[in-house]
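The exercises below ask you to work from the sequence and the coordinates towards a reasoned description. Each task is followed by a solution that goes step by step.

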2 protein chains.
Amino acid sequence: MSSLLLGIDFGGTKNAVALAKHGVAEWLDYRRQISSPTADAQSDINTVLELSHDLLSSHSGALLAIGVSFGGPVDFENGTVRCSYHRPGWSDFPLQEHLQNEFDVPVSIDNDANAGAIGEWYFGAGSNCNSLLYITVSTGIGGGWILNGNPYRGANSMAGEIGHIIVKPNGPKCACGKTGCLEALACGPAISRQAVARIEAESGSGEILRHLCRGNPGRLTAEMVSQAANNGDELAQNVLLEAASYLGLGIGQALTLMNPERVVLGGGVIKAGKTYWAEVRRAASEHSPPGIYVDIVPAHYTDEAPLWGAIALANHLLSSQE
Amino acid sequence: MSSLLLGIDFGGTKNAVALAKHGVAEWLDYRRQISSPTADAQSDINTVLELSHDLLSSHSGALLAIGVSFGGPVDFENGTVRCSYHRPGWSDFPLQEHLQNEFDVPVSIDNDANAGAIGEWYFGAGSNCNSLLYITVSTGIGGGWILNGNPYRGANSMAGEIGHIIVKPNGPKCACGKTGCLEALACGPAISRQAVARIEAESGSGEILRHLCRGNPGRLTAEMVSQAANNGDELAQNVLLEAASYLGLGIGQALTLMNPERVVLGGGVIKAGKTYWAEVRRAASEHSPPGIYVDIVPAHYTDEAPLWGAIALANHLLSSQE
C-alpha cells in the first residue's frame, strides 16, 4: 500500500491540494478552487477539506503526514496562522491542530516563502544545498532560509523578510509602513507603478508599452513591462533594469550577512528575461564582499511553488521524526 | 586529574593564551605578549607555542582540546587561515593541522567575530539562545551568528560581515573597496574621522573635544569622542548619535532578514554611554518589521572576547564530538 502525503496551499487567490507518494517529487493528483471575493477562514477551510477528502477517496494508500503552505504570517512553533492580508477570520487560527484533529496525522504549517524554500531544497534548484536563500518576487517579495542543513525561521517565525530591507533610504512608501523597502521598488506592482509614472512623465517614449496597454496605463502589469522590454521598448527596459538593480542590492546585503551556498529566485517577475537576470547578478556581486561567490539561479517551481513546498514540508516532517 | 582546554588568540596587536577547565567559565591561568612591529606568522606561532607550553607545564591535568581565535579570515572547514591584514606569512596557513601535530589533541579555529559569538553564547550575554547575532564594534565592525542552536559560518566561512552591508548608498569609501558600508560610518576610526572633519569645518564648536585632544585633532580617538559627549560636548554627541543611527539601521536590516532571538554588542565603541545605546535601539526598531522584538544587549566580554571565544570553541568542539 502506498505511503501518501497531502500538500495544502492556502493562497491569496485560490486554495489547492495535491497528493504525492512519500519521498517522490511527483504528484499523483491535484485539486484547486479559485476563492470567491467573500471567502473567509471558515469557507477556505471547508473548501480545502472537501478537496482533500475527494482526493484521498480517489486514491488507495495510507496518509502519513500533511504539509501546509499559508499565504501570510504563520507561527511555526505553535502551528497557528498569525493573520491573513486577504481574508477575515484567520487571526491566531490554530490551523495545525484543526487539521490534525480532522485527519489524525502529523501536520506541519509554514508561510508560503518558507514553504517555497523547502520545496526548492527538497525537489528543486536547491537540492543538496547546506545553505540557501529562496526569494519569491511576485505581488510582494518574500524569502526563506535553509541554514546549517535545516529550515531556519527565526525567533518569532519572522526570518526571511528580504522584501522589507531598506535599499533606498527615504525611497517610496511600502505597504509595511516603512520607506525604501526592496518590495516597494522591485515587486511586480512596483514595476508597473514605475512604468505608469514614466509613461505619464515622458510623453513620446514607451511606444510598445503604450500599445500593449492599449493607451490605458492603468491596465499595465509587470508582465507587460517585461514583454515590452523584450521587444525593445527602452522605457520598459529601464524600468526593469532599475528593479533588477534594487533586487541585486538586496541580495548583495543578504550575501554579505549570510554567505549562503545558493540563491534561488522564484515568482512571476523572474521570468522577465536575460537582461533582467544579468543586472540582478551584476548588482548582487557589486554589493557583496570580494571573495563571496554564489550562484543565483531560477526556481524549479514557479506557478505551484507553495504546493510543492507543502509536499516538501510533509516529507521534512517525517524525516525529522525518524 | 583536571580536564583542561587551551584557548589561543592571535590578535592584531598581541597574542594570548589561556587555560580553563572543561565546561567552566573561568580561567586557571593566562599569558600574553604584545606583538613586535616586525612580527610574521612564524614569530606569532613561536610566541604562542612558547606561552602555551609554559602555561601547560605550570598546571597538572590532561589537555583535551584547543580553540583558536584568529584576527582575520579563516576557512573553518579546512582549518586554514586565509590571510592576515596585519602581518605577512599567514596566507592559506594550515593552522589547525600545525597545532594538532604539536599538541596531539583536536583543534578548532575560527575568526575573532565568530569566536566572540560563540564565547557569548557559551558563557556570556547570549547563553541559552537558540539564535544570536554578535557584533563587535571596534577598529572594524564584525559579526558572528548562532542559528538553529549552532554556530553558522556560511558556505565559505564568510557569514556575518555586517560591517560591509551598505547603510548609506554612495557614502564614504570603505577599506573593502565599496562605499557606504556600515564599518565606514560607525566603527571607532570612522567616529574619530567624523569628529575631526566637524571640528575642522565648524570653528567654535566642540570645545570639550578640542581640549581633550589638546588642540590637535590628529590625536582624536573614538574614546575621546565618547568622553566629550558624556561631558556635554554637542559636536561629539552629534557624531556619536549619527554613528549609533547607522549601527541601528544595520542591525535593523539583520533583524529583518534573520529575526534572531538576541543581538549582543561587543567591542570598545559600545562603551560610549546611554545616549548611544538608546539611539542604536531606536534606529534598529525603526528599521525592523513591526512585530519583530529583539533584545539588544552589551557583551559580557569586551577586552578579552576573542580569548573567551577560543575557550568556548574548544568546549563546543568536545560537545559536538560527544
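Two strands count as paired if DSSP finds at least two bridges between them. The model is predicted, and the exercises should be read with that in mind.

**Exercise 1.** Describe the overall dimensions of chain A and judge its radius of gyration against that of a compact globule.

Solution. Begin with the inventory: chain A has 10 helices and 12 strands. Along the principal axes, its C-alpha atoms fill a box of roughly 65 × 50 × 35 Å. A compact globule of 322 residues would have a radius of gyration near 20 Å, and because chain A has 20 Å, the value agrees with that expectation. Turning to the interior, buried residues make up 58% of the 322 residues in chain A. Finally, among contacts in chain A with a separation of 6 or more, 64% are accounted for by residues 24 or more positions apart.

**Exercise 2.** Establish the strand order of the five-stranded open sheet in chain A, and identify which strands stand at its edges.

Solution. The order in chain A is β10-β9-β8-β11-β12, and the pairing is mixed. The edges are β10 (150–152) and β12 (295–298) of chain A, each of which has a single partner strand, so one side of each is left without a neighbour in the sheet. Neighbouring strands of this sheet are turned by 25 degrees against each other on average, direction ignored. For the pairing of β10(A), look to strand β9 (residues 141–147) of chain A, which is joined to β10(A) by three bridges and runs antiparallel to it. Within this pair, A:W145 has A:Y152 of β10(A) as its bridge partner.

**Exercise 3.** Determine how strands β8 and β11 of chain B are joined, and which helices lie on the sheet.

Solution. Five bridges join strand β8 (residues 132–137) of chain B to strand β11 (residues 262–266) of chain B, and the two run parallel. One bridge can be located by its residues, since B:Y134 has B:V264 as its partner in β11(B). Helix α3 (residues 112–123) of chain B lies across β8, β9 (141–147), β10 and β11 of chain B, at about 50 degrees to β9(B). Helix α9 (residues 274–286) of chain B also packs on the sheet, where it touches β8, β11 and β12 of chain B, and its direction makes about 155 degrees with that of β12(B).

**Exercise 4.** Test whether the length of helix α8 of chain B agrees with its number of residues, and describe its two ends.

Solution. Helix α8 (residues 234–258) of chain B has 25 residues, which at 1.5 Å a residue should span 36 Å; because its end C-alpha atoms are 35 Å apart, the span agrees. The helix is mostly covered, with 19 of its 25 residues buried. At the start of α8(B), a side-chain oxygen of B:D233 comes within 3.0 Å of the backbone nitrogen of B:L235. After the helix comes B:N259, whose phi is positive, near 45 degrees.

**Exercise 5.** Is B:D75 buried or exposed, and which residues surround it?

Solution. B:D75 lies in strand β5 (residues 74–75) of chain B. Its relative accessibility is 13%, and because buried means under 20%, B:D75 counts as buried. The side chain of B:D75 makes a polar contact of 2.9 Å with the side chain of B:N78. Leaving aside residues up to four places away in sequence, B:D75 touches B:T80, B:R82 and B:S157.

Terms used: Residues numbered from 1 in each chain as written. Chains lettered and ligands numbered in written order. Predicted model: local features only at pLDDT ≥ 70, side-chain atom pairs only at ≥ 80, totals over all residues. Heavy atoms only, no water. Helix = DSSP H or I, 4+ residues; strand = E, 2+ residues; numbered from the N terminus. Buried < 20%, exposed > 50% of the residue type's maximum accessible area, 1.4 Å probe, protein only. Polar contact = N/O pair within 3.5 Å; in protein donor to acceptor, adjacent residues only side chain to side chain. Contact = heavy atoms within 4.5 Å. Expected span 1.5 Å × (residues − 1). Axes fitted to C-alpha atoms, helices over the stretch in contact; angles between N-to-C directions. Rg over C-alpha atoms; globule rule 2.2 N^0.38 Å.
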